[in-house]
Amino acid sequence: MWNCIVSPDTRAHRRRSLGVALALAVAAAPSLGAQQSHAHAPAPPSAHSHRAAPHPVVIPTPRSVLGFDPGDDRKLADWPTLVRYYQALDRTSNRVIYRELGKTTLGAPFVALLISSPANLKHLAQSRRLAALLADPRRARSSAELDRAIRDACIPVLITGGIHSNEVGGNLTPAVLAYRLATDTSATTRAILDNVLLLLVPSLNPDGVTITKRWYDRTLGTPAEGSAPPEPYHRYAGHDNNRDWYAFTQVETQLTVDSLYGVWHPPIAMDLHQQLSDGSRLFVPPYLDPIEPNVDPLLIDGDNALGAAIAWELAGEGKTGIAINANYDAWTPARAYEHYHGAVRILAEAASANLASPVDVPFDELATRERGYDPRERSWNFSAPWPGGRWTLRDVVNYQSSAAYALLENAARYRDHWLANFVTVGWRGIHGWRGWPYAYVIPRQHQDTVALATLLEILHRGQVEIRTTLESFSLGAQHFASGTYVVVLRQPYAAFAKTLLEPQHYPDRLLYPGGPPQPPYDVTAHTLPLLLGVSTTLAAESLRVPLSGPVDPPHALTVAPGFTGADAPRVGVYRSYAAPLDEGWTRWVFDTWKVPYVSLVDSVIRAGKLGEHFDAIVLPDEAPIEILNGLPGIYPAPYAGGLGPEGVAALRAFVQGGGTLVALNDASRFAVEQLLLPVRNVLEGVADDEFYAPGSLFRIELDPSHPIAHGSDETSAWFENGPAFDVIDSSAVRVVARYPSDPARLLRSGWVLHPERVAGRGALLDVRLGSGHVILFGFRPQYRGQSLATYPLLFNSLHVH
Ligand SMILES: [Zn+2]
C-alpha cells in the first residue's frame, strides 16, 4: 500500500486504515519507540538495503548526535554535526531521505531532506511527474487527467531554515521537526506523512551555521556574548541572501530553485526567521499592504488562511504573543519567489533570544515601533499579548516547530484544495489576466551581450518560457529581425516575467494623512531591463509572426575590461568588521567579473603608505559613523573601532599622493565630511516627508566625455537613501552624472516623494584632491549584484588617475 499515488479503491482503503492507525496510536503506550510503531504499516521493500534490515533500528535523537537538545541555553551546532544527524536519520528512518543538492559558496554540502510515508518515498518518480503536470496543466490530455492528478498527488511542501544564520532557531528547528516526523506515531503525523511530501532544507545558508556557532562559542562568557560575527554570515550576500529570489546570484539560491522549486513545484513554502526580541513572539501572515499587483489574489487568500490557521493552532496550545498582519509586506519578488510560482509563502518570524543566550524582556519594555499592532495591547491581529519575562532559544524552537507542524497538518488536511488552487493559479497565468500585454519583445541587436544573457537566464531559471520569432516583423514603427526573443505572458509563471519586465509604481503611502511616508519593508523596484540596461518592447496584442518552441538562454562571459597586464589598477576594497552588506556585494561583483582586489581591514588602512600598494581604494556603502568608529568596544581586538582619525589621515595622504578613492552611496558622505571636499549633499538632514526614495530606479544623465561615462549619455541608477550633490568649487569637481532637471523624468521604477529636491543635482562626481581623485557615487552602482547597467561606471572609476 502506498499513500498519495493511489487508485480510488486504495484511497478509500487508506482513509479507513487511517482510522485504524489512530485507534492503535491512542492505545499505544507513550514509551513505545517509533520503530515499533512501524509495525502498524509494514514498510515496503526499499531501495536502501538498510531499510530492509530485519532488526528494528533506533532512530537517533538530536541530542545523541549534537550532544544537547536543540533549544538548550548557550548551545549551538556547527553544520558538519547537523549533517551527521540528518544522515543518521536517513540511515535509520524509512520516512527520511537525505539528499545533497550541491556545494555551498564555501564548499559545504547543501542539503534537502525528503520526508513522507515510506510508501510515498518509494514512488518519488510518480510524485515528480504529477507535480510537473499540476505545475503546467497544459500538459494534461484532458481535464479528467488533471482531476485524477489532484486526487492522487502528494502535496509537496517546502520548509526552509536558517537563511539568516544568526536567527539560530532556524538552524535547529529542522532537526526537531525531522525527528518528530521520523518517530511520531500519532494519527496527525501519519496523515501528514501520507498526504505531504515534505522538502525540508535544514539550512539555506550552511556556511553561516558554522560561522555563527564559532563566533558564539568564542565569545561565550565575554562582553561580546551574543553579538553578531565580525564578518558576513554568507560570504557575499550576508543578510541580503533572502533578497536573491529573482536575481539568483548565489549558488544556494540557484540550488534551491533548480533542484527543489523547479522539480517539485511546491504549492506551499515556509521560511523560518527570527525578528527582534521585543516585538511579537511570532509573526505569520497575513502580510501588510502593499501586495505586489501581479501576485494572484488566490495566493494572498492562501497566505491569509494558512497564516491565520497556524496562529489559531498555536493559540490552542496556549502560546501567546502571536501577531498576524504586521510589519511585513508582500511587495517584492526578491523575498517571495513563491508568489510568482503558484505558491503561498508563509514567513514565520519568531522573537529572538541573544543567539543562544536567554534574554529578559519586561512587559513594559515591549516595542512600540511595531507596524499594524502594539505588543502591549490586544487587537484582532494580536489576540493574546505575551506577558513578558524570560525568552530563550527553547522558546524560539518551540514556536517555530509548532508553527511548521501546524502548517503541515493544514497541508495534509486540505491537500486537494491546495492542489486545485495551485492549478487554478497556473491556468490564470496561461490564459493571462485582463489588461495584461500579450508579450515582451527583446531584440538581440544593439544590446549588451552579458546583460541580455543575464536577463534571459533569470527568466529561464524562474521557469519562464522564452521563444524566438521565426521571421522578421514590425511592431508599430519598430522593425525586429528574425530570431528576436519573445516572452509571451500566457504561461504558468507569466506573473514572474511580467513583474520583472515592467516598471513598478509603488503606491504613495503615508503614515497618516499629511504625514511622513510609510517605509516599505524592503525596496520598491525590481525592473530588470532598467537594472541590466536591456531594451525591451511591450506588445499589447498578439504578434502576427510564428514563434519557436521554448529556447535556452545564451551564455556570456563576465570579464571587466582593463584588469589584466601591467596597466591594470591595483585595487583595494575596504572591509569593515561591521560587515556592511554592500562590501560583500562589491566582492561578489569583482570576483564574478574578474577584477583583482585586496580586502583592507582597519589596521591596514590605519598603517598608511597605501599608495605603495594601491592605485584605487573602494569604500563600499556604509554609514559614515560606522566607517569612522566601527564595532563597539565589547568586541575583542582587532574588531573594535573603525578607521578612526588615523585611517582618515591615511586615506587623505593616499589621494593627495595620486590615488583614487571610490566612495559608494553613504560612504560618499563619509568622504565629503572627512576629506572636506568642496561639494554639498543637498539631502543632508532632509526629513523623509521632504524627500523620500528608499530603493528606486532613477534616470541619470552622463557626461559622455568623461572617462568614467566612456561615451554613454544616459542610464538608470539604483537610488537608495543616497546623497545628491551640489558643487561648491567647480574648478576641483567634474559632474560625471546628474539627475534630469525635469523632476518628471527622474523616476523610472519604484517610488519617490518630491523628486524636485534632486532634479538637476549631481549623482556621480569626480573630485580632484592633491594629485588624486575622489569619485563620489550618490547611488549604488553594483546593487545586490543586479545593476549591470551601472557596473561600467564602477569599473571605469577604478581606472581614473
Ligand atoms: Zn531573517
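**Exercise 1. Determine which residue stands opposite Ala 616 in β22, and describe the surroundings of β21.**

Solution. Step 1: Ala 616 stands opposite Thr 660 in β22. The structure is a predicted model, in which local features need pLDDT of at least 70 and side-chain atom pairs count only at pLDDT 80 or more, while totals for chains, interfaces and linings use all residues. Residues are numbered from 1 along each chain as its sequence is written, and side-chain values use heavy atoms, with hydrogens and water left out.

Step 2: The terms must be fixed. Strands (E, at least two residues) and helices (H or I, at least four residues) are DSSP runs, numbered from the N terminus. Two strands pair if DSSP finds at least two bridges between them.

Step 3: Strand β21 and strand β22 (residues 660-664) run parallel and are joined by four bridges. Strand β19 (residues 571-574) also runs parallel to β21, through three bridges. There, Gly 572 has Ile 617 of β21 as its bridge partner.

Step 4: Both faces of β21 (residues 616-619) are covered: Ala 616 and Val 618 are buried on one side, Ile 617 and Leu 619 on the other. Buried means under 20% relative accessible area, exposed means over 50%, and partly exposed lies in between (1.4 Å probe, protein chains only). In a regular strand the side chains alternate between the two faces of the sheet.

**Exercise 2. State the order of the strands in the eight-stranded open sheet and identify its edge strands.**

Solution. Step 1: The order is β1-β2-β4-β3-β5-β10-β6-β8, with mixed pairing. The edge strands, each pairing on one side only, are β1 (96-103) and β8 (322-324).

Step 2: From one strand to the next, the twist averages 20 degrees.

Step 3: Individual pairs show both senses. Strand β2 (residues 109-115) pairs with strand β4 (residues 196-201) in the antiparallel sense over three bridges, and Leu 113 stands opposite Leu 200 in β4. The pairing of β5 with β10 is parallel and spans eight bridges; here Met 270 has Ile 346 as its bridge partner in β10. Strand β6 (residues 282-284) runs antiparallel to β10, joined by two bridges, with Leu 282 opposite Ala 350.

Step 4: In β10 (residues 344-351), eight of the eight residues are buried, so this strand is largely enclosed by the rest of the structure. One side holds Val 344, Ile 346, Ala 348 and Ala 350, and the other holds Arg 345, Leu 347, Glu 349 and Ala 351.

**Exercise 3. Name the donors of the zinc ion and explain why their arrangement is irregular.**

Solution. Step 1: A donor is an N, O or S atom within 2.8 Å of the metal (3.2 Å for Na, K and Ca); water is not among the atoms, so sites may look incomplete. The zinc ion is coordinated by His 164 (ND1), Glu 167 (two OE entries) and His 273 (ND1), at 2.1 to 2.4 Å.

Step 2: The four donor atoms subtend angles of 57 to 152 degrees, which makes the arrangement irregular. Four donors count as tetrahedral if all angles lie between 85 and 135 degrees; four count as square planar and six as octahedral if opposite donors are over 155 degrees apart and all others between 65 and 115; anything else is irregular.

Step 3: The donor residues are spaced H-x2-E-x105-H in sequence. His 164, in the loop between β3 (155-160) and α8 (169-183), and His 273, in strand β5 (residues 268-275), are 109 residues apart and link distant parts of the chain. His 164 and His 273 are both buried.

**Exercise 4. Classify the packing of helix α4 against helix α10.**

Solution. Step 1: Axes are lines fitted to C-alpha atoms, for helices over the stretch in contact, and angles run from 0 to 180 degrees between N-to-C directions. Helix α4 (residues 79-92) and helix α10 (residues 206-219) pack at about 125 degrees, with axes 8 Å apart.

Step 2: That angle makes α4 oblique to α10. Angles under 35 degrees count as roughly parallel, over 145 as roughly antiparallel, 65 to 115 as roughly perpendicular and the rest as oblique.

Step 3: Trp 79, Pro 80 and Leu 82 of α4 meet Pro 206, Val 209 and Thr 210 of α10, where contact means heavy atoms within 4.5 Å.
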